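Trainee: Please pick one side chain in this model and take me through its surroundings closely. Then work outwards from there to the neighbouring parts.

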Amino acid sequence: MAEAGGGTYAAILTDLLARGVIAADDAILVQFAGEFDEKTTAEVGLTNCTFSNLAPDSPSSRLTKANAGDAHAMPYDDGSFDHVIGHAGLHHCSRPHQALHEMYRIARRTVVAVENQDSPLMRVACSLGLAGVYEHDAVADGGGTTGGVDGTGTPNHVYRWTRHEVRKTLASFDPGHVVPVEFHSRWLIGTDRALTSSMRSAIGGRERVIGLLNRGLNTVARRQGNIFGFTIRKDLATAQPWIEVAA
């Protein structure tokens, strides 16, 4: 099954490598990992990755080598890895903000995540049944026993983020610092998990129409795109002015 946002994930990692934000041999924790993550990290040139998943042996993960870990309470000390990255995993968590906190806590330099975006256009799409509110396909891919919320067979609510929410969440995690965040968004309609099954059936085989739709949306409303990536730059964090004054 195709991974919605996979191209954005690879593009962000490639850009960070090209800019020297990430070095190929940096210590990286890959959270919510599956076979897709093993393939992608190898293809972009990351050589020192530790893969973690709540259920690493599940059909939906299909990992060759990974550690088991609950995303809400990871068994690592603060700053254990240079970078913590995760693709399409936070929205499978029953406590997505807590899972993001764990990624932030464990990372020394950056956190990279690719998720779904909450935007006015996406809310309209959900209300019309064009985009899913609960993720049934992932559970089906996991044989009905995994792939849902917290790795169970219950389809997870598709938690969608906004830029403002990410910033507020970081300010709550680390109020003593101003932490820059790089955001990335785009429309990607037509992948296996980007639309409901009924909508996929309705547009099935019309690749040209889908391509035109994606190009049009990315031209006029890219900022509201369904694919949403963010890079948290802990390495560029600065102390709050009031902390410097107090010191």
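Mentor: Start with Q117 and R163. Their side chains are joined by a polar contact of 3.0 Å. Bear in mind that this is a predicted model. Q117 has a second polar partner. Its side chain reaches the backbone oxygen of G225 at 2.7 Å. So one side chain touches a side chain in one place and a backbone atom in another.

Now place Q117. It belongs to strand β5, which spans residues 107–117. Is Q117 buried or exposed? It counts as buried because its relative accessible area is 3%, and the cut-off for buried is under 20%.

Next, look at who surrounds Q117. Set aside the neighbours within four places in sequence. The contacts that remain include M122 and S185. R160, W161 and R163 are also on the list. So are R223, Q224, G225, N226 and F228. Two residues here already have a role: R163 is the side-chain partner, and G225 supplies the backbone oxygen.

R163 leads us to the helices. Helix α6 covers residues 163–173. Its axis comes within 11 Å of the axis of helix α3, residues 96–106. The two cross at roughly 60 degrees, and the crossing is right-handed. From α3, the residues in contact are H97, L100, H101 and Y104. From α6, they are E165, T169, L170 and F173. By type, this contact has four nonpolar residues, three polar and one charged.

Stay with α3. Eight of its eleven residues are buried, so the helix is largely enclosed by the rest of the structure. The buried set is P96, A99, L100, E102, M103, Y104, R105 and I106. L100 and Y104 also meet α6. What does the covering of these buried residues include? Helix α6 is part of it, and so is β5, the strand of Q117. Strands β1, β4, β8 (160–161) and β11 (227–233) contribute too.

One loop residue also reaches α3. H72 sits in the loop between β3 (67–68) and β4. H72 is buried because its relative accessible area is 5%. Its side chain makes a polar contact of 2.9 Å with the side chain of D70. Beyond residues up to four places away in sequence, H72 touches Q98, A99 and E102, among others. A99 and E102 are in the buried set of α3. Other contacts of H72 are C93, S94, R95 and D150. R95 makes a good distance check. H72 and R95 are 23 residues apart in sequence, but 7.1 Å apart in space, C-alpha to C-alpha.

Just before α3 comes a loop worth a glance. A88 lies in it, between β4 and α3. Its phi is near 55 degrees, a positive value in a residue other than glycine. A88 is partly exposed, with a relative accessible area of 23%.

F32 has a phi near 55 degrees as well. It lies in the loop between β1 and α2. F32 is buried, at a relative accessible area of 15%.

That loop brings us to α2, residues 35–44. Helix α1, residues 6–18, packs against α2 at about 35 degrees, with the axes 10 Å apart. This crossing is right-handed. G6, Y9, A10, L13, T14 and L17 of α1 meet F36, D37, T40 and V44 of α2. The contact holds six nonpolar residues, three polar and one charged. Buried residues in α2 are F36, D37, E38, T40, T41 and V44. Their cover includes α1, β1 (28–31), β2 (49–53) and β4 (81–87). Right after α2, G45 takes a positive phi of about 105 degrees.

Finally, step back. The chain has nine helices and twelve strands. Of its 247 residues, 48% count as buried. Take contacts between residues at least 6 apart in sequence: 73% of them join residues at least 24 apart. The accessible surface is about 11500 Å², and carbon and sulfur atoms account for 55% of it.

Methods: Residues numbered from 1 in each chain as written. Predicted model: local features only at pLDDT ≥ 70, side-chain atom pairs only at ≥ 80, totals over all residues. Heavy atoms only, no water. Axes fitted to C-alpha atoms, helices over the stretch in contact; angles between N-to-C directions. Helix = DSSP H or I, 4+ residues; strand = E, 2+ residues; numbered from the N terminus. Left-handed = near helix turned anticlockwise from the far one by under 90°. Contact = heavy atoms within 4.5 Å. Nonpolar A, V, L, I, M, F, W, Y, C, P; charged D, E, K, R; others polar. Buried < 20%, exposed > 50% of the residue type's maximum accessible area, 1.4 Å probe, protein only. Polar contact = N/O pair within 3.5 Å; in protein donor to acceptor, adjacent residues only side chain to side chain. Areas by Shrake-Rupley, 256 points an atom, 1.4 Å probe, with all protein chains shown as cover.
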